[in-house]
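Me: I'm new to this one, so could you take a close look at a single part for me and walk me through it? A relaxed, connected explanation would be great.

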Amino acid sequence: MPLRLPPLPALRFFEAAGRHQSFKLAAAELNVTPSAVSHGIVGLEQALGVELFVREPRGISLTATGADYLSYVSEAFSLIAIGTQRLPNHRADRPIALSCAPTFASRWLLPRLAGFRARWPNVNVSVDTSHRQVGFPVDGFDFAIRLSRAPVAGAAWTRLFGERFVPVCSAAYLATLRADRDERSGIDWRRATLIHVNAASEDWQSWLDTAGVEGIDPANGLRVDTIQLAFEAATMGLGIALGRRPLVDSDLASGALVEACAPTLASAGAYWLVSADNVERRPELFDFRRWLIGEAEHVDTSLETPDVATRDGAN
């Protein structure tokens, strides 16, 4: 007797919505409307006779039954993806698919990809910088680079390097904060505009506490969406950004930005390379992973040796 399966499109909606905890993000990933996802999951719940999500004004969350069912559905899709990759006629020449944050891609990864292409000219690489969770191997990605305090269960994580925070701004803006002061005595923080990154979990409060700067409201200032925008705003003289080495190193080397003052602060997190399970079975994936780890070993070792105590912080 054949197995009776729920509608497969509805299962795909459920897997994506459960992984993202959002109908909207699932719809964006699957290139459908949020309404289509919502209606598909309602139909799935009716077919199964169970409630998979709790729907609240602020969003959705999985029920206990939904969370348990998601683990089976996710594993089933993973098995299908792995089986497809193992087919004899499956395209072996598809690009290496990598997910990472846009600032990391533009400031660290892309400048080094020419070296990879020189060694492996016939291997193509696809870089995705959208802000979304990646499911291995369901989403078709081979690697992801994530900023995290520690590895997360469910995938192979390899630490690449840490980062350090240092206040940066344009030389002209720094001069205005040192007006009528001895340069060696520092800057007038009361006149400084702090540039914040909305999504950053570690921001100015940690640095101000470490530096012993008091009387400053860390919530005030200019807010932007990405680290890249924060650096660009600082270059334009709009304030002081919390530079992240090594991502800000090229701006410091060119003089577009200068260090506003000491000290630097070691981040509680680090950049990690997350690998899919099939890396060992595709030579080009193995080579790319080995190359990327080798490039990370060349990061300035001073970034890994804090000169101030590292503080706990969520990432």
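**A close look at helix 10 and its surroundings**

Reply: Let's begin with one pair of side chains: Ser275 and Arg289 are joined by a polar contact of 3.4 Å. Keep in mind as you look around that this is a predicted model.

Take the serine end of that pair. Ser275 belongs to strand 11, which covers residues 265-275. Is Ser275 buried or exposed? Its relative accessibility is 4%, so Ser275 counts as buried, the cut-off for buried being under 20%.

Now for helix 10, which runs over residues 283-296. Helix 10 has 14 residues, and from its first C-alpha to its last it reaches 20 Å. That is close to the 20 Å you'd expect at 1.5 Å a residue.

Which residues of helix 10 are buried? Going along the helix, you meet Glu284, Leu285, Asp287 and Phe288 among them, and the list also includes Trp291, Leu292, Ile293 and Ala296.

And what do those buried residues pack against? Strand 11, the home of Ser275, is one of their partners. The others are strand 3 (96-99), helix 5 (102-119), strand 4 (125-128), strand 5 (143-148) and strand 6 (156-169). If you want to trace this in the viewer, pick out helix 10 and then go through those partners one by one.

With that part in place, here's a bit of context from elsewhere in the model. How many salt bridges are there? The count comes to 11. One of them pairs Glu29 with Arg12, with the closest N and O atoms 3.9 Å apart. Glu29 sits in helix 2 (residues 23-30) and Arg12 in helix 1 (residues 8-20), so this pair ties together parts that are 17 residues apart in sequence. Glu29 has a relative accessible area of 18%, so it is buried. There's also a network of salt bridges here, linking Arg12, Glu15, Arg19 and Glu29.

Another salt bridge brings together the side chains of Arg190 and Asp188, at 3.3 Å from N to O. Here the two ends get opposite labels: Arg190 counts as exposed at 70% relative accessibility, while Asp188 is buried, with a relative accessible area of 11%.

Last stop: the side chains of Asp249 and Arg245 also meet in a salt bridge, this time at 2.7 Å from N to O. Asp249 is partly exposed, with a relative accessible area of 22%.

Key
Residues numbered from 1 in each chain as written. Predicted model: local features only at pLDDT ≥ 70, side-chain atom pairs only at ≥ 80, totals over all residues. Heavy atoms only, no water. Helix = DSSP H or I, 4+ residues; strand = E, 2+ residues; numbered from the N terminus. Buried < 20%, exposed > 50% of the residue type's maximum accessible area, 1.4 Å probe, protein only. Polar contact = N/O pair within 3.5 Å; in protein donor to acceptor, adjacent residues only side chain to side chain. Expected span 1.5 Å × (residues − 1). Contact = heavy atoms within 4.5 Å. Salt bridge = Lys/Arg side-chain N within 4 Å of Asp/Glu carboxyl O.
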